[in-house]
Amino acid sequence: MHSWTVTVDDVRGAHKMLAGVARVTPMEGSRHLSSLTGFPVHLKCENLQRTGSFKLRGAYVRIAGLSPVERAAGVVAASAGNHAQGVALAASLLGVRSTVFMPSAAPLPKVEATRGYGAEVRLHGLNVDEALTAAREFAEAAGAVLVHPFDHPDVVAGQGTVGLEILEQCPEVRTILVGTGGGGLLAGIAAAVKPLRPDVRVVGVQAAGAAAYPPSLAAGRPVALESFATMADGIMVGMPGDVPFAVVEALADGVRTVSEDSLSRALLLCLERMKLVVEPAGASPVALLLQEPQAVEGPVVAVLSGGNVDPLLMQRVLRHGMAAAGRYLSLRLLLVDRPGALATLLGVLSRADANVVDVAHVRTAPQIGLAEAEVDLHLETKGPDHCAAVLAELREAGYTVLRQG
């Protein structure tokens, strides 16, 4: 283990520093998830933390640890959302000037929230990597301290305070599931929990489309992904940080991956059944419970790491989640092009109790015959069995299904 590995005493020190600053977020039991998995499931609601995510913890500890000279020079960060807001509020609370670089396409609510917490926001680049390059250049030119989102011992120690709260709130826990990008939260929780409770498994969860930890752990060093993409922007990181990687490699109990379908289903479930607004990254532990409950030993604590989701993304993810749960059906049908044909089709769907959300009627296209028409339908249904019943009724009525999804 490296000399800069974070210890449980570091996390305890961070916990004292955060008293009165970060909220002790609620621990909520989920009867629905418990019934689905067959073991008790509890939710650590960091989506209800100040700024809407756990990021305030690490940012505050990092900035509070600066010397008076460093504080006077100000701090700089790069982020698309959660880290930006955490740094902005932490700096304001400590009387430190902050500059935050955000991608030019960052969601407007996150940009405005970051400004509202007191940071000077500069929009730069197409993604966080380009914003981070600009932040590094600013730090060198202005003498400001770069507050990295995960690759610093103070940041990891701050995030680890979530782990101390979990042990206090749910001492019977056997597995803690943690959404993982660069690894700061996973490393911090492992550093806090494993020395005190080696019997508790601490498991990271990554989006399959941005899973840098499994190949890195296999190689024994941080490995950069050649490409990565996921709806879970909060954990969309192409390479683990050196500091968290060392802790995760030494103490954590592995990192598992979840699909985009599982992420969207998890977000929808959190909203519908738990009445909690959770961003896709924050819902990743719930996604693993839905995807592979047999891989987890209960009682489980799933860390809902953040709730800052852009409304437009929420709209798309919810639609995706409904489709993944079999409650949203998209079809393309071939019709005989004659008066009343569309009305007849809609009558069949009405009898099948399917709710039509959108309909597009195409009568002229190169692939369509002279006496034919195509119809694109988007339907709300009651689940997989109802989807199957709707399709069966359409086929029984003589319709040709060209495509479904």
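Two strands count as a pair if DSSP finds at least two bridges between them, and I would like to begin there, with a structure that is a predicted model. With that rule in hand we can look at β1 and β2, which are joined by 3 bridges and run antiparallel. One of the contacts you can look up for yourselves is at Gly29, whose bridge partner in β2 is His42.

Let me now widen the view to the sheet that these strands belong to. It is an open sheet of 6 strands, in the order β1-β2-β10-β7-β8-β9, and its pairing is mixed. The edges are formed by β1, residues 27-29, and β9, residues 255-258, each of which pairs on one side only. From one strand to the next the twist averages 30 degrees. Helix α8, which spans residues 153-169, packs on this sheet and touches β1, β2, β7 and β10, while its direction makes about 140 degrees with that of β2.

If we follow the order across the sheet, β2 is joined on to β10 by 5 bridges, and these two strands run parallel. Here Lys44 has Val303 in β10 as its bridge partner. Further along, strand β8, residues 201-207, is joined to β9 by 4 bridges, again in a parallel run, and Ala207 stands opposite Val258 in β9.

Now, is β2 covered or open on its faces? In a regular strand the side chains alternate between the two faces of the sheet. In β2, Val41, Leu43 and Cys45 lie on one side and His42 and Lys44 on the other, and all of these are buried, so that both faces are covered. Put as a count, 5 of the 5 residues of β2 are buried.

There is also a second sheet, and I would like you to find it on the model. This open sheet has 4 strands in the order β5-β4-β3-β6, with parallel pairing. At its edges stand β5, residues 120-123, and β6, residues 145-146, each with a single partner strand, so one side of each is left without a neighbour in the sheet. Strand β3, residues 75-78, pairs with β6 in the parallel sense over 2 bridges, and the bridge partner of Val76 in β6 is Leu146.

Let us turn to the helices. How do the axes of α12 and α14 cross? The axes of α12, residues 260-273, and α14, residues 311-324, come within 8 Å and cross at roughly 105 degrees, and that makes α12 roughly perpendicular to α14. The residues that meet include Leu267, Leu268 and Leu271 from α12, and Met314, Val317 and Leu318 from α14. By class, this contact has 8 nonpolar, 3 polar and 3 charged residues. Helix α13, residues 284-291, is mostly covered, with 7 of its 8 residues buried, among them Pro285, Val286 and Leu288.

The next topic is aromatic rings, and the structure holds 2 aromatic pairs. In one of these pairs, the rings of Tyr213 and Phe245 have their centres 6.1 Å apart and their planes at 25 degrees, so the pair is stacked, since planes under 30 degrees apart count that way. Tyr213 lies in helix α10 and Phe245 in helix α11, so the pair ties together parts that are 32 residues apart in sequence. Both partners are buried, with Tyr213 at 0% relative accessibility and Phe245 at 4%.

I will finish with a few residues in the loops. Ser305 has its place in the loop between β10 and α14, and at 7% relative accessibility Ser305 counts as buried. If we leave aside residues up to four places away in sequence, Ser305 touches several others, including Glu46, Asn47, Phe54 and Leu185. Pro299, in the loop between α13 and β10, follows a peptide bond from Gly298 that is cis, with omega near -5 degrees.

Which values of phi do Thr51 and Asp353 have? For Thr51, phi is near 70 degrees, a positive value in a residue other than glycine, and for Asp353 phi is near 65 degrees, also positive. Thr51 lies in the loop between β2 and α3 and, at 6% relative accessibility, counts as buried. Asp353, by contrast, sits in the loop between α15 and β12 and counts as partly exposed at 44% relative accessibility.

Definitions and conventions: Residues are numbered from 1 along each chain as its sequence is written. This is a predicted model: local features need pLDDT of at least 70, side-chain atom pairs count only at pLDDT 80 or more; totals for chains, interfaces and linings use all residues. Side-chain values use heavy atoms; hydrogens and water are left out. Axes are lines fitted to C-alpha atoms, for helices over the stretch in contact, and angles run from 0 to 180 degrees between N-to-C directions. Angles under 35 degrees count as roughly parallel, over 145 as roughly antiparallel, 65 to 115 as roughly perpendicular and the rest as oblique. Contact means heavy atoms within 4.5 Å. Ala, Val, Leu, Ile, Met, Phe, Trp, Tyr, Cys and Pro count as nonpolar, Asp, Glu, Lys and Arg as charged, and the others, Gly among them, as polar. Buried means under 20% relative accessible area, exposed over 50%, partly exposed in between (1.4 Å probe, protein chains only). Rings of Phe, Tyr and Trp (its six-membered ring) pair if their centres lie within 6.5 Å; planes under 30 degrees apart count as stacked, over 60 as edge-to-face and the rest as tilted.
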